[in-house]
Amino acid sequence: MYAFSRRGLFYVAAGSSAAVALAACSSGAPPTGTSSGSASGSANANRQISQDAYDAVIKGGPVAGASVVSASPWATKIKSQGYVKRGGTTTGAIFSLKDPTTGRIAGFDAGIGDLLAHYITGGTDVSKLTQVAQTSVDTRETMLQNNTVDIVVATYSITVPRAQKIAFAGPYYSSGDSIQVRADNTTIKSVDDLKDKKLVTESNSTAITALQKYVPGNTPTLFADNDSCVAAVQQGRADAYILDEAILLGNAVKATDLKVVGTPFTVDPYGVGVNKDDPAVKAFVNTFLQKIFDSGDWLKLWKATVGVYVDGVPTPPAIGSVAGS
Amino acid sequence: MNQIWQMLGDNSSFLLNGVLTTVGLTILGFVGALVIGTIVAVFRVSPITPLRVLGTVYVEFFRNVPLLTLLILIVFGLPDIGLLIPLFWCGVLGLVLAGSAFICETVRSGINTISVGQSEAARALGMSFSTQLRLIILPQAFRTMVQPLVNNFIGILIGSSLAAAVGVSDITNVTQQLNIRYAEAVVLFLLSGAVYLVFALGAGGVGSWLERLVSKSRIGSAR
């Protein structure tokens with residue numbers, strides 16, 4: 001009878017600890033002392049979004065008058081619910097990242113959701129303003145269409161095919177695709193140098209269509225998430241990683257053996273996804289967005305999140321300026 | 001509706017490549033797993049103790065590690081020790097390793113169904129262990145294993161969809177990419193589901209045909 005004899009147990013333990021050791025080795029070389037050449041320049045290490053600064057921005061945001069809320073059935077429902085259900089992610093650096101020790105989510109996208117919740121409900125406990133439902137690129141439209149979530153704020157690029165299924169309020173942020181390479185790479189400086197190189201990008205990214213336009217004939221390898229793409233560049237499976245600039249800068253902060261080169265070569269507007277059935281919902285969110293653009297709260301939120309990694313003073317985009325919004 | 005046909009038409013070669021990649025992953029994975037699985041099963045029933053132990057460790061490890069974890073280790077872990085394998089072959093390797101553990105158990109239980117009288121008679125005729133396996137035991141054992149092996153094949157077919165998560169352009173990955181561009185989730189995922197369904201039904205049909213074929217000639221033990 002085959003039972004777990006002592007000898008068998010020993011060999012199994014030895015085999016599995018070898019596998020675990022291999023996995024531990026693969027978590028990457030320790031960071032070198034030099035900082036990478038990212039656009040923000042000095043002292044990249046240890047840049048973090050401050051939870052207190054973030055909370056202060058949310059609490060300082062505008063609150064809608066009672067008549068404004070009661071005029072909108074959608075907003076009234078949210079106010080009685082007490083929170084906004086946001087479809088998004090909890091693993092996106094800079095835009096919506098959950099701190100595993102505190103359970104709090106902070107980031108630019110999280111801030112838009114929290115500011116909207118504060119606008120409608122007037123609540124001051126920032127941790128209770130929104131509930132995040134994890135969405136993926138495959139499920140965003142469906143979750144809006146069947147009202148599983150109230151809004152989707154998830155680096156959601158505005159495109160015309162998507163706008164046929166759901167409505168986009170905004171744009172609320174204008175980004176662009178940029179290039180990330182290993183720190184010792186000197187051959188790739190801009191999008192023109194990408195012609196015969198091995199490229200990688202996320203499978204849920206609009207960078208794919210950008211690459212078809214700027215580097216035709218070169219099919220990039222696609223991975224499901226940011227970390228896999230970063231590992232692909234670090235390990236030599238790809239020469240360059242094309243994605244939204246702010247995310248690449250966030251990568252360069254954590255991985256000092258990577259750098260971002262060139263300036264963004266596309267324009268990628270993000271919108272707030274809402275259900276399409278009632279056009280007043282989109283109008284309500286657009287009114288809210290214009291309010292925070294004008295009051296300076298949008299800029300304060302930017303400074304507390306994206307601004308930690310990128311220098312500059314951006315201006316808010318023009319609402320409705322993009323096809324589909 | 002017209003847009004859907006338009007989308008399918010414009011991307012037909014892309015979709016076809018995805019189907020071919022899935023077929024390639026499955027067939028190469030299954031053939032490799034069958035070969036290695038049979039070898040490991042022979043190890044597990046052999047009279048040599050170190051081989052038996054090796055076979056047991058192999059099966060216990062690769063059967064109990066999730067296929068996705070294995071694929072991620074192969075794609076992202078191996079380069080750290082210097083082995084950079086092209087993505088498609090990473091997928092095949094993962095399927096072969098995981099599939100072979102399951103096929104090993106299938107083959108081993110097939111071998112065990114052959115009555116010990118066959119083995120004793122073969123020994124009485126002077127056959128060595130390996131000759132016995134090759135001429136008497138394995139041919140009879142494979143006859144009983146057709147349906148479980150079809151199960152394993154379908155398991156490898158469905159498992160091949162996990163390769164999409166590590167960047168291999170199989171039909172699952174292709175439909176995910178098309179969904180990003182066209183936002184037609186329901187149609188596209190029904191399509192990829194249909195591809196797997198048709199392929200699995202085909203495998204089941206081949207299995208039934210094989211079973212009828214081998215049951216016509218039986219030198220085997222009474223059942």
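These questions and answers go through a predicted model with chains A and B.

Q: Which element of chain A has the lowest confidence?
A: Chain A as a whole has a mean pLDDT of 83, with 85% of its residues at 70 or more. At the high end stands strand 6 (residues 151–152) of chain A, at 95. The lowest confidence in chain A, a mean of 60, belongs to helix 1 (residues 6–25).

Q: Over which residues of chain A does pLDDT stay under 50?
A: Where pLDDT is low, the predicted coordinates should not be read in detail. The model does have 35 contacts beyond four places in sequence for the stretch concerned. That stretch of chain A, with pLDDT under 50, is residues 23–45.

Q: What percentage of the residues in chain A is buried?
A: Chain A has 12 helices and 13 strands. Among its contacts between residues at least 6 apart in sequence, 74% join residues at least 24 apart. Of the 325 residues in chain A, the buried share is 47%.

Q: Which strands stand at the edges of the open sheet in chain A?
A: The sheet has 5 strands in the order 10-9-11-8-12, with mixed pairing. From one strand to the next the twist averages 30 degrees. An edge strand has a single partner, so one side of it is left without a neighbour in the sheet; in chain A this applies to strand 10 (221–223) and strand 12 (258–261).

Q: Which residue of strand 10 of chain A stands opposite Thr201(A)?
A: Strands of a sheet pair through backbone hydrogen bonds, either parallel or antiparallel. Strand 9 and strand 10 of chain A pair in the parallel sense, over 3 bridges. Opposite Thr201(A), in strand 10 of chain A, is Leu222(A).

Q: Is Asp184(A) buried or exposed?
A: Asp184(A) lies in the loop between strand 8 (177–182) and strand 9 (199–202) of chain A. Its C-alpha atom is 7.8 Å from that of Asp257(A), 73 residues apart along the chain. A residue counts as exposed with 12 or fewer C-beta neighbours within 10 Å. Asp184(A) has 7 such neighbours, and therefore counts as exposed.

Q: How many nonpolar residues are in the contact of helix 2 with helix 12 of chain A?
A: Helix 2 (residues 51–59) and helix 12 (residues 297–304) of chain A have axes 9 Å apart at an angle of about 170 degrees, which means that they are roughly antiparallel. Helix 2 of chain A contributes Ala53(A), Tyr54(A) and Val57(A), while helix 12 of chain A contributes Asp297(A), Lys300(A), Leu301(A) and Ala304(A). Of these residues, 2 are charged, none is polar, and the nonpolar number 5.

Q: Which residues of helix 9 of chain B meet helix 2 of chain B?
A: Helix 2 (residues 12–45) and helix 9 of chain B pack at about 155 degrees with axes 7 Å apart, and are therefore roughly antiparallel. From helix 2 of chain B come Phe14(B), Leu15(B), Gly18(B), Val19(B) and Thr22(B). The contact has 5 nonpolar, 3 polar and no charged residues. On the side of helix 9 of chain B, the residues are Ile171(B), Asn173(B) and Val174(B).

Q: Which helix supplies the largest share of the side of chain B that touches chain A?
A: The contact takes 30 residues from chain A and 23 from chain B. At least two residues of the chain B side come from each of helix 3 (49–64), helix 4 (67–77) and helix 9 (171–182) of chain B. By class, that side has 13 nonpolar, 7 polar and 3 charged residues. The largest share, 7 residues, comes from helix 9 of chain B.

Definitions and conventions
Residues are numbered from 1 along each chain as its sequence is written. Chains are lettered from A and ligands numbered from 1 in the order in which they are written. This is a predicted model: local features need pLDDT of at least 70, side-chain atom pairs count only at pLDDT 80 or more; totals for chains, interfaces and linings use all residues. Helices (H or I, at least four residues) and strands (E, at least two) are DSSP runs, numbered from the N terminus. A residue is buried if 20 or more other C-beta atoms lie within 10 Å of its own, exposed if 12 or fewer, and partly exposed in between; C-beta atoms are placed from the backbone. pLDDT is the predictor's confidence in each residue, from 0 to 100. Two residues are in contact if their C-beta atoms, placed from the backbone, lie within 7 Å. Axes are lines fitted to C-alpha atoms, for helices over the stretch in contact, and angles run from 0 to 180 degrees between N-to-C directions. Angles under 35 degrees count as roughly parallel, over 145 as roughly antiparallel, 65 to 115 as roughly perpendicular and the rest as oblique. Ala, Val, Leu, Ile, Met, Phe, Trp, Tyr, Cys and Pro count as nonpolar, Asp, Glu, Lys and Arg as charged, and the others, Gly among them, as polar. Two strands pair if DSSP finds at least two bridges between them.
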